[in-house]
Amino acid sequence: MSAPETFQIPLETAEIYEAKFVPALFADWAPHVVEMGDVTAGQSVLDVACGTGIVARSAAERVGPGGRVVGVDLNSAMLTVAERVCPGVEFRQADVTTLPFDDSTFDAVLCQMALMFFPDPTAAAREMGRVAAPDGTVVIMVPSSLDAQPAYRLLVDVAATHAGSDAVAMLSAYWTCGDLDELLTTIRDAGLDVLSTRTRMGTATFGSIDEFVSIEVESTPVRERLTDSEYDALRRQANDVLEAFTTSDGTARIPIEGHLVAARPS
Ligand SMILES: C[S@@+](CC[C@H](N)C(=O)[O-])C[C@H]1O[C@@H](n2cnc3c(N)ncnc32)[C@H](O)[C@@H]1O
């Protein structure tokens with residue numbers, strides 16, 4: 001997974017994100033994020049860096065018609081798709097560090113798979129705390145560090161063998177906030193009290209190992225490093241070392257460990 005998320009993306013990319021990546025990977029986490037936020041009927045909920053709104057959709061089911069769900073994202077293309085697929089949810093374009101809401105507006109402020117893309121995660125968490133009610137909950141979900149990822153770790157090792165050791169950084173944007181102690185320090189430095197933490201092993205599903213490898217490698221500059229024959233060799237080796245993650249019908253089931261932290265303004 002690469003880090004183009006911090007830039008404006010074409011509408012087509014946001015449509016692919018919704019059609020392919022949300023069901024493959026992000027939908028698996030959304031109910032757990034909502035659960036961690038103790039979201040109940042009638043509440044007001046903010047989905048921060050909402051993308052196409054998978055967490056907002058899950059929250060909207062919980063709050064029901066008497067509640068309010070708002071999604072915020074920097075990317076207008078993500079929001080265009082979100083507005084289509086999330087009826088009843090409001091969307092606003094904004095940066096996480098300048099949320100367009102008064103203090104203490106929301107019962108729950110939820111942020112899934114995005115903290116690692118923010119230039120200043122502490123400032124982002126502080127702003128999430130500002131818009132949360134004094135007895136409200138902020139939930140931050142991030143993938144754990146690369147060391148804790150059984151399949152991605154192997155893929156990154158193979159990529160480094162073929163494309164050089166700096167391929168590790170190119171393939172590692174998603175894992176950079178994944179050390180739990182550092183994450184808790186960031187959240188406390190933002191003026192939040194940590195209520196609870198949970199570490200969960202989720203699953204991303206791809207059509208095959210080859211599809212998983214091509215999506216991961218081709219969405220990063222690693223692909224440009226390689227000739228076609230070097231890329232073929234990388235794919236062959238990745239297929240070998242990742243075979244254990246294939247099911248009998250050829251589907252790849254890739255484990256992804258992540259941390260969920262619930263916190264409250266102090
Ligand atoms: C990997 S996506 C996750 C989206 C969504 N939370 C989900 O689980 O599907 C990361 C999102 O963070 C958004 N993002 C990145 N930087 C941001 C910022 N500074 N302020 C608001 N959104 C931001 C991106 O536009 C992108 O939609």
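**Figure 1. The loop between strand 4 and helix 5.** Met113 is found in the loop that links strand 4 to helix 5 in this predicted model. The phi angle of Met113 is near 55 degrees, a positive value in a residue other than glycine. Is Met113 buried or exposed? With a relative accessibility of 5%, Met113 counts as buried, because the cut-off for burial is a relative accessible area under 20%.

**Figure 2. Strand 5 and its pairing with strand 4.** Strand 5 comprises residues 132-143, and 10 of these 12 residues are buried, so the strand is largely enclosed by the rest of the structure. Strand 4, formed by residues 106-112, pairs with strand 5 in the parallel sense, and six bridges connect the two. Two positions illustrate the register: Leu110 has Val139 of strand 5 as its bridge partner, and Val109 has Val138 of strand 5. Between the two strands the chain passes through helix 5 (residues 121-131), and the resulting β-α-β crossover is right-handed.

**Figure 3. Strand 5 and its pairing with strand 7.** Which sense of pairing joins strand 5 to strand 7? The two strands run antiparallel and are joined by six bridges, with strand 7 covering residues 252-265. Val138 stands opposite Ala263 of strand 7. The residue Val138 is also the bridge partner of Val109. In a regular strand, side chains alternate between the two faces of the sheet.

**Figure 4. Strand 4 and its pairing with strand 1.** Six of the seven residues of strand 4 are buried, so this strand is largely enclosed by the rest of the structure. Strand 1 and strand 4 run parallel, joined by four bridges. Within this pairing, Val48 stands opposite Cys111 of strand 4.

**Figure 5. The pairing of strands 2 and 3.** Strand 2 (residues 68-73) and strand 3 (residues 90-93) pair in the parallel sense through four bridges. Gly71 stands opposite Phe91 of strand 3. The connection from strand 2 to strand 3 runs through helix 4 (residues 76-85), giving a right-handed β-α-β crossover.

**Figure 6. The surroundings of the ligand.** The ligand is surrounded by 21 residues, of which Tyr17, Ala49, Asp73, Asn75 and Gln112 come nearest. How do the residues of this shell divide by character? The shell consists of 14 nonpolar, four polar and three charged residues. A side-chain N or O atom of Tyr17 lies 2.6 Å from an oxygen atom of the ligand. For the side chain of Asn75, the distance between an N or O atom and a ligand oxygen atom is 2.8 Å. A nitrogen atom of the ligand lies 3.0 Å from a polar backbone atom of Val96. On its own the ligand has 600 Å² of accessible area, and the protein covers 99% of this area.

**Figure 7. Glu127 and Arg130.** Glu127 has its place in helix 5. This residue is buried, its relative accessible area being 11%. The side chains of Glu127 and Arg130 are joined by a polar contact of 2.9 Å.

**Figure 8. Glu257 in strand 7.** Glu257 belongs to strand 7 and is buried, with 18% relative accessible area. Where the chain is compared at Glu257 and Gly129, the two positions are 128 residues apart in sequence, and their C-alpha atoms are separated by 25 Å.

**Figure 9. The loop between helix 2 and strand 1.** Asp38 is placed in the loop that follows helix 2 (30-36) and leads to strand 1 (44-48). Although Asp38 is not a glycine, its phi is positive, at about 55 degrees. Asp38 is exposed, with a relative accessible area of 56%.

**Figure 10. The loop between strand 1 and helix 3.** Thr52 lies in the loop between strand 1 and helix 3 (54-63). The relative accessible area of Thr52 is 1%, and the residue is buried. Thr52 and Ala19 are 33 residues apart along the chain, and a distance of 10.0 Å separates their C-alpha atoms.

How values were computed: Residues numbered from 1 in each chain as written. Predicted model: local features only at pLDDT ≥ 70, side-chain atom pairs only at ≥ 80, totals over all residues. Heavy atoms only, no water. Buried < 20%, exposed > 50% of the residue type's maximum accessible area, 1.4 Å probe, protein only. Pairing = 2+ DSSP bridges. Right-handed = clockwise from strand over helix to strand, strands pointing away. Near = heavy atom within 4 Å. Polar contact = N/O pair within 3.5 Å; in protein donor to acceptor, adjacent residues only side chain to side chain. Areas by Shrake-Rupley, 256 points an atom, 1.4 Å probe, with all protein chains shown as cover. Nonpolar A, V, L, I, M, F, W, Y, C, P; charged D, E, K, R; others polar.
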